[in-house]
Amino acid sequence: MVSRVIPVEAFDLVVFGGTGDLARRKILPGLFRRFVSGQMPKSAQIIAAARSDFDTSRFLDVVSASINEFAGIEFASEMLLAFLENVRYVKIDAMGSDGWDDLKGMMRGECVRAFYFSVSPALFGPLAERLKTFGIADDQSRVVVEKPFGRDLASARELNQTLAHHFREDQIYRIDHYLGKETVQNLMAVRFGNMLFEPLWNAQYIDHIQITVAEQIDVEGRGDYYDKSGAMRDMVQNHLMQLLCLIAMEPPSQFSPDAVRDEKLKVIRALDEVPPHHIVRGQYAAKETVPDYREQVGNRSSRTESYIALKAHIKNWRWAGTPFYLRTGKRLKSRVSEIAVVFKEPPHSIFEADSGQKSNTLVIRLQPDEGITMDVTIKEPGPGGMRLVTVPLDMTFAEALGPSADDIPDAYERLIMDVIRGNQTLFMRGDEVEAAWEWTDPIIEGWERRNDVPKPYDALTSGPDDALMLLHRDNRKWRAL
Ligand code: NAD
């Protein structure tokens with residue numbers, strides 16, 4: 001099957017922080033890939049705005065280098081030259097008035113205007129204000145904001161109010177790149193495009209759900225930021241929470257931004273408080289040449305968690321009694337992001353106890369090897385009696401349907417194209433972010449009040465033993481990392 005790329009309309013995209021790490025690794029290479037695919041029109045203009053003392057020609061060298069390193073596709077050199085023709089650079093000070101008139105002069109007339117704030121959240125307000133004061137953004141313009149969106153409810157509210165002062169909610173695109181992943185959208189297609197799953201999608205048939213985002217990398221290079229944040233703020237409040245919402249939400253009445261986000265919000269609001277004994281926090285220990293967490297962040301008395309596992313409950317009819325186990329951490333055995341929906345065992349087994357029957361498990365894997373599989377029990381072919389075996393049924397059908405892996409947009413590029421199309425379905429709404437902090441805040445405050453110290457865990461393992469016990473006590477097991 002041939003991939004169907006629908007070009008978006010012409011646009012001017014201003015990337016504030018265009019010389020930064022995120023722009024170089026994700027945003028610029030992602031835009032180039034959309035250019036190569038034909039989705040980004042040749043006339044689209046990309047303006048990088050940052051504090052660095054560059055001119056456009058020097059910046060183009062940076063863009064070429066980042067595309068060569070990170071685009072991950074083969075391309076002809078003419079293609080890169082064509083892309084670079086519409087890339088500009090402007091030196092700007094988000095806190096001052098330098099560069100803003102130059103930026104205004106670069107913007108074109110009739111086309112979509114989008115502004116990507118790939119900078120520290122402290123600059124969101126000053127940028128929004130100047131975009132308006134200098135007459136660069138109008139009431140059709142869109143702004144894209146990066147995580148972290150606040151560090152608690154109060155700061156998230158303040159950010160929302162600051163943005164709302166200059167832009168309507170339908171102009172604000174809060175990025176959570178997990179939502180841009182192909183498989184996350186496939187999860188919605190599988191859930192709501194089939195009759196098969198929805199009748200079983202509840203506490204009566206689902207034993208429990210595991211959401212795992214395990215990283216092998218440590219905090220090096222980000223230690224300062226990370227130590228003020230920790231796994232709860234950096235991962236659970238946003239990425240894991242979004243995955244939980246998509247798994248647990250009621251079917252929206254239509255696949256439209258507010259219908260989907262209304263349902264996600266209801267899930268967050270229905271989350272029960274998590275008692276301390278349902279949470280395990282960890283910090284990685286030293287291994288070989290890599291020092292322990294505390295040494296890496298330069299804070300010997302740090303009580304910030306680099307690992308967290310918790311058991312959550314959703315207080316509604318659908319999920320009463322079904323636990324959601326969430327875990328995420330750094331310096332773990334492998335790099336895995338997945339959701340596993342573990343179904344209950346059949347009410348009565350007609351096979352012998354040692355026949356090999358296992359629960360059905362639907363696994364939505366975001367990385368590595370994006371895809372959806374369903375473990376089903378079948379008879380092992382051949383002679384030898386009724387021996388059962390569990391095999392994964394691949395529901396991605398990537399090979400049968402295409403497009404080739406090269407054509408599937410990466411999360412960032414897909415989301416940027418959605419911004420240009422004006423589709424907010426895969427972006428977080430302000431009230432969703434606030435509700436997520438409302439659930440997270442008391443947990444973090446509890447640790448602070450009790451001076452909670454995270455448990456050390458051996459690097460490159462599955463995390464602290466207490467996390468294994470969290471499930472063991474419930475007669476369950478984490479999936480292997
Ligand atoms: P970075 O430090 O590498 O880059 C910051 C950019 O902001 C630079 O281009 C710098 O010139 C610009 N800048 C700083 N102060 C400025 C000012 N006063 N006026 C104009 N420009 C200014 O940061 P980054 O890693 O690219 O991250 C950018 C944002 O994205 C942050 O909010 C970060 O939390 C978020 N984020 C980054 C990643 C990542 O992988 N790097 C992932 C998720 C979210």
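# Helix packing, pockets and turns

Helices α9 and α14 lie oblique to each other in this predicted model. Their angle of about 140° does not pass the limit of 145 degrees over which two helices count as roughly antiparallel, so the pair is called oblique. Helix α9 covers residues 230–248 and its axis lies 10 Å from that of α14, with a right-handed crossing. From α9, the contact draws on Met232, Arg233, Val236, Gln237, Met241 and Gln242. Helix α14 answers with Glu432, Val433, Ala436, Trp437, Trp439, Thr440, Ile443, Ile444, Trp447 and Glu448. Sorted by class, this contact holds 10 nonpolar, 3 polar and 3 charged residues.

## A second partner for α14

Which residues of α14 meet helix α6? They are Gly430, Glu434, Trp437, Glu438 and Asp441, and they face Leu153, Ala156, Arg157 and Asn160 of α6. This contact divides into 3 nonpolar, 2 polar and 4 charged residues. Trp437 is worth finding in your viewer: it takes part in the contact with α6 and also in the contact with α9.

Helix α6 spans residues 153–166 and α14 spans residues 430–450; they pack at about 165°, with axes 9 Å apart. The two helices are therefore roughly antiparallel. Here the crossing is left-handed, whereas α9 passes α14 in a right-handed one.

## A nonpolar helix pair

Helix α1 (residues 21–37) and helix α3 (residues 77–84) cross at roughly 110°, and their axes come within 10 Å. That angle makes them roughly perpendicular, and their crossing is right-handed. On the α1 side the contact uses Leu28, Leu31, Phe32, Phe35 and Val36, while α3 brings Met79, Leu80, Ala82 and Phe83. How does this contact divide by class? It has 9 nonpolar residues, with no polar and no charged ones.

Here are the helix pairs side by side:

| Helix pair | Angle | Axis distance | Crossing |
|---|---|---|---|
| α6 and α14 | about 165° | 9 Å | left-handed |
| α9 and α14 | about 140° | 10 Å | right-handed |
| α1 and α3 | roughly 110° | within 10 Å | right-handed |

## Enclosed and open spaces

Now to the empty space inside the model. The count comes to 1 cavity of 30 Å³ or more, and the largest cavity holds about 80 Å³. Its lining consists of Val145, Glu146, Lys147, Phe149, Arg174, Ile175, Asp176, Gln237, Asn238, Met428 and Val433. By class, these are 5 nonpolar, 2 polar and 4 charged residues. Gln237 and Val433 connect this lining with the helix packing, since both also belong to the contact of α9 with α14.

The second largest pocket has about 440 Å³ of space. It is lined by 17 residues, and those closest to its centre are His208, Val342, Lys358, Ser359 and Thr361. Strands β7 (206–214) and β11 (336–343) are the elements that each give two or more residues to this lining. Which element gives the most? Strand β7 does, with 3 residues. The lining as a whole divides into 4 nonpolar, 6 polar and 7 charged residues.

## Backbone details in the loops

A few backbone details are worth a look as you trace the chain. The peptide bond from lysine 147 to proline 148 is cis, with omega near 0°. Proline 148 sits in the loop between β5 (142–145) and α6. Lys147, on the other side of that bond, is also one of the residues lining the largest cavity.

Glutamine 367 and proline 368 are likewise joined by a cis peptide bond, with omega near -10°. Proline 368 belongs to the loop between β12 (361–367) and β13 (371–379).

Finally, asparagine 451 shows a positive phi of about 50° although it is not a glycine. You will find asparagine 451 in the loop between α14 and β15 (455–457).

Methods
Residues numbered from 1 in each chain as written. Predicted model: local features only at pLDDT ≥ 70, side-chain atom pairs only at ≥ 80, totals over all residues. Heavy atoms only, no water. Axes fitted to C-alpha atoms, helices over the stretch in contact; angles between N-to-C directions. Helix = DSSP H or I, 4+ residues; strand = E, 2+ residues; numbered from the N terminus. Parallel < 35°, antiparallel > 145°, perpendicular 65-115°, else oblique. Left-handed = near helix turned anticlockwise from the far one by under 90°. Contact = heavy atoms within 4.5 Å. Nonpolar A, V, L, I, M, F, W, Y, C, P; charged D, E, K, R; others polar. 1 Å grid on protein atoms, 1.4 Å probe; cavity = no way out; pocket = protein on both sides within 12 Å on 5 of 7 lines; lining within 4 Å. Points joined across faces, edges and corners; volume = space filled by probe spheres on them.
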